[in-house]
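Me: Could you take a close look at one part of this structure for me, and then follow what surrounds it? I work at the bench, so a walk from residue to residue would suit me best.

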Amino acid sequence: MTKRFLRDAKINVVFDPVNLCIERTVKISKHHPNNIKMESSSKNDLDTGTLDQMANRMNDQVDKQMTDYMPTFYIGHHESARSQPVTDILLQQAQNAGYDMLTSPITTQHFQERVLALVKTHLLELSLDIHKKITKIPSIPIITPLTPADTSLSPEGSISQVIACSSSWIDLCSTDPLISNVSKQVLNIEISYASFCGIRHVLITGPKSLTIGSNSNNVLTEYSRAIQEALTISNFIQISIYIPMYFSEIYQSTPGDLALHARKQYTSGKLYKTNQNELYESWDIWNLIRSVCNYNSRLLVALEIPRKLPIGPLQLRWYAEPLRMLCFPASTFLINKGGHPVLSKSHQNLIAQYMRLKLFPWILLCDIGPLPELEETYSSPELTSSQNTPAHVLYLRHLQKNQPARTVIESFGSGYQDYLQAPLQPLADNLESITYEVFEKDPVKYDLYEKAIACALIDWSKESKPTSSKNGSVVIAVAGSGRGPLVTRALKASQFSGVSVQIWAVEKNPNAYVLLQRMNREKWGGVVNIVKSDMRAWKGPIIKDLNKIENDAKYITSNLHEISYGKVDILVSELLGSFADNELSPECLDGVQHVLVPEYGISIPSSYTAHLTPILAPRLHAEILQRSSVDDMAADIPYVVMLNAIDFLASHAPDYPRIQKAWEFEHPISHSTITASSARRNGGVSGGGGGIMSGGDGANDHNVRSAHLKFICKDRGVMHGIAGYFEAVLYDCGVDGKVELSTRPDTIEFKSKDMISWFPIYFPLKNPLYFPDDSELEVSIWRQTDDRKVWYEWLVEAFVMVGPENRLRLCMSDLSSSRKSGCLM
C-alpha cells in the first residue's frame, strides 16, 4: 500500500494497488502526515475517472505542494511511563492539545511482570540444579503468546497516529545469554503484534550499557543482529533507534529491568564508562547497527537532542543519517523570563537545518508532562485553543511559522534531493524538449554566457582583429544549440557591445532543428544560419555569395562542388556536464575545432576543471544497494544527484583542501595535438601501435586524465563515495576579471551564485570504507577512453599514521569502472 502526503488534509486518500481501490477516511489530525489535501476536489471528483486520472490529480497537487513548500512540524507526545491505553479519546486529547501523534507501549506492566517471573523461576531452577550437582542445564524458557492483559493496543482506525514503543526494560546487549535471549523474544513478540495492529513506526531504545569482559566484543553485534531480525518480521514497519546525539551520562538500571537479573559470571567485566571526549561514539554505535542491517531503508534514527549541543561537525554528521525523529526531553528546553520553555539559538538553527532534509523529521516531545484532560478542550474539538495547548507545542508552532525561506537552489531542486540520475548521453541520444527546458530555467548561467560573449566581442573590436566574414561581422558559432538560448544571448551580446555578428547555430537533434527554424523565423528575424549536423562533421560557415544561398537548401544540394567553407571567430558551447568533461565536452570541441580560426579564435568556455571530495552518503548507498539487486552494475555508474543528506569527510588542512582539483581541459588545443590525433585515427605511421586502452587506436589519448589526491580526515567516518564538481572559465576579460561558472559548494556563491543548471556527480563505492580519527584518504581516479566511449575508474585507500614518518594502510576499496555504461562518442 502506498500513500502520498500533503498538509492540512480534509480527506485521507489511500491508493491500494493490491486491491485496486480508493479508500476514504475522515480527518483525525489537521497536521498529521498521513493526510492528503485534495484541493478543489469534491466527493464527486473522487468518485469519477480512472485510477490513473486520480493518481495524476494527486501528483499534480503534490507538485504544487513542493512549489509552495514550507517545513511542517509534525509533533508527537512521548511519555516513558505511559500506562493508560492510547484510545480514540486520548488521541482526541492529543489533537486538541496540538499534537499530531502519540507514543504507546506495545505491552503492559502485566506482561513485564510475567516475563520477570519466568526469568526468576528459571534462575531459581538453575540454582537448585547447581546445589544438587545436576549437570544437565535446563533450556532457556520460552515466553508464551500475548494475552489481552499483556497489551492495550488494538487495530483501530486511529492507529496511524500511534508510534509504538518496544519495552525499555529489556537488554539486547546483555552478556548473559539468558537475558539476551529473553530480550530478543520480547522484542520479536512486540514487533509481530504491532505489525498485526497496523502500526507503521516502532521506537526501540538504543544500546544502554556495555561491559568490557570476555564477551565484550560481540554485545553490540548481538544488539544489531536482534534489530536485523526484527526487521524481517514485518515488511512495512519502520524501526527507529532512539539514540543520543552523544553520550553524556551513564545509563542507570531501574527496578524491573532485565539487566538487574544478569548472572555475576557474565557481568564480571568492569562497567564501560563512555568517554565524554569521544563525541562520535554514539554515531559509531549507530553505524555498526545499520551496517549489520545492511543499510535497510526501514531502519531509521530517533535522535535525542541534548541541552548542550556538540560541535558542528557532529551535527552535520547526524544530518546525513536517516533521521525520522528529533527527540526533545524536557531538560533540553530553557525557561525564559516569562517562565515559558524556549530553545537556545543554536537549537533553533539546528532545527532549521534538519528541516532542510528531503523528508524532514518529526519532533517528539519527551516527558514534558501529561496531556490536558479532554473535558478542558472538548468544547472545540476541531480547533486547537492556544489557552489549552502546552507551552512547548505553542513554541514549536511559533518556530515553524518563522522558518527561513528556501534558497533558489533548494526551490528549484525540491523533490530531487538525493535522487540518483544517470548522466545524459548527448551524442548518442536526442534530448526531449522538456530536458532542454529544465536547462533553460537557469538565468544565472545564461547571464554569464551573455557577459562572456559581450566581453569577447568588445575585446575583438578593441584589438581590431580581422573577422572571418566578408562584411566584417564577427562569426559566432553556437555548437549544440538545443532550443536556442545561447543564440538569443549571443544576439543580445552583439546589441550590448555594438559589434555586428554573423551567427551559425549547429544542432544534430532533428527535432530541435525544427524548433530552431521556427525560432529564427518568429523571434530572431531570420538573421541566424541554422545547420543540422553533428558539430564534429560540420565543415564550417558557407562563404560563397552568402546573402543569396545561406537559406537555399536546394541550391546548396545541387551545387555542392561550388561551395566553399569559412572559419568561425568565436565558438560558443554549453556541453559541460556535472564533472565538466563527463558529457564529452573535450571530444566535441576537439571535433569542431577545425572550423575555428587558428590564429585568434576564441572558445567559450576556454577551460574547465574537475574537482572532488570524499563524502558520507548513507541514503545514496542504501538506494544503490537496492538497485544492485536488479542491476549488477549499479555501483559502477557515476550518478548525477542533488546532494543533500551527506557529510563532507575531509578536514581543512594546509596543502590539502577539503575539495581538490583533479584535472583541467583547455580550448582550443594545440595544432600539433589535433594533427597527431588525426594521424592516429586514420591509421597513419605516426599513429603507433594503438591507444593506451585495449581496442583503441589512440586518437583520443590526449583527453585521458588521472589524479591521485590525499585528504586529511580529523574525525572518524565512513566513506560511501566521491562527490564531483566543476569550475569553468568562460572568458577572461583581463582587468575586469574572469567570467566563471562553479558548482563547488565553497566557490559557487561568488562565482555563479544561485546557478541551478548542474547537480554534482557522485562516484559510489561498492562497499563503505570505515576509518578512525586522524586518518588519510587517498583517491585515485582516471578518465579513460578507447576511442569509442569515455568512462571513469576510481579507487580509494585509507591510511593511519603509526609514527612520524610511517603510516599503515587500513583498507582499500574495489576498483570501480563505468566502462560498460560509458559515454558513447
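Reply: Let's start with Cys455, which counts as buried at 14% relative accessibility (buried is under 20% relative accessible area, exposed over 50%, partly exposed in between, with a 1.4 Å probe and protein chains only). Before going on, please keep in mind that this is a predicted model, in which local features need pLDDT of at least 70 and side-chain atom pairs count only at pLDDT 80 or more, while totals for chains, interfaces and linings use all residues. Residues are numbered from 1 along each chain as its sequence is written, and side-chain values use heavy atoms, with hydrogens and water left out.

What does Cys455 join to? Its partner in a disulfide is Cys733, with the two sulfurs 2.3 Å apart (the cut-off for such a pair of cysteine sulfur atoms is within 2.5 Å). A disulfide is a covalent bond between the sulfur atoms of two cysteines. A search of the whole structure finds one disulfide. Cys455 sits in helix α14 (residues 443–462), while Cys733 sits in the loop between β25 (717–732) and β26 (738–742), so the bond ties together parts that are 278 residues apart in sequence. Helices (H or I, at least four residues) and strands (E, at least two) are DSSP runs, numbered from the N terminus. Cys733 is buried too, with a relative accessible area of 8%. Two other cysteines make a handy comparison: Cys293 is buried at 5%, whereas Cys811 is partly exposed at 21%.

Now for the helix that carries Cys455. Of the 20 residues of α14, 14 are buried, so the rest of the structure largely encloses this helix. After α14 comes Ser464, with a positive phi near 50°.

The helix also has a part in the nonpolar interior. The largest nonpolar core has 197 residues, and those with the most contacts inside it are Trp318, Ile570, Ile604, Met719 and Leu741. It is α14 that gives the most to this core, with eleven residues. Such a core is a set of buried Ala, Val, Leu, Ile, Met, Phe, Trp, Tyr and Cys residues joined through side-chain atoms within 4.5 Å.

Leu741 is a good place to see this. Leaving aside neighbours within four places in sequence, Leu741 is in contact (heavy atoms within 4.5 Å) with Leu448, Tyr449, Leu576, Phe726, Glu727, Ala728, Leu730, Ser752, Met755 and Trp758. A second, separate core of 16 residues includes Ile615, Leu620, Ile637 and Tyr725.

Leu620 leads us to helix α20 (residues 618–628), where Pro618, Leu620, His621, Ala622 and Ile624 are buried. The buried residues of α20 pack against α7 (281–292), β20 (607–616), β21 (639–640), β25 and β27 (761–771).

β27 brings us to the aromatic rings. The structure holds 16 aromatic pairs (ring centres of Phe, Tyr or Trp, using the six-membered ring of Trp, within 6.5 Å; planes under 30 degrees apart are stacked, over 60 edge-to-face, the rest tilted). In one of these pairs, the ring centres of Tyr193 and Phe196 are 5.9 Å apart and the planes meet at 35°, so the pair is tilted. Both residues lie in helix α5 (residues 177–197), three residues apart, about one turn of the helix. Phe196 is exposed, with a relative accessible area of 58%. Phe579 and Phe763 form an edge-to-face pair, 5.2 Å centre to centre with 70° between the planes. This pair links distant parts of the chain: Phe579 is in the loop between β18 (570–573) and α19 (585–592), and Phe763 is in strand β27, 184 residues away. Phe579 and Phe763 are both buried. Ring pairs link Phe579, Trp663, Phe763, Tyr792 and Trp794 into a cluster.

Tyr792 also appears around Ser817, a residue of strand β31 (residues 816–817). Not counting residues up to four places away in sequence, Ser817 touches Met633, Asp636, Trp791, Tyr792 and Glu793.

One last stop is Ile204, in strand β6 (residues 201–205). Ile204 is buried, at 2% relative accessibility. The C-alpha atoms of Ile204 and Ile241 are separated by 5.1 Å, although their positions lie 37 residues apart along the chain. Among the residues that Ile204 touches are Ser166, Leu187, Ile191, Tyr223 and Ile241.
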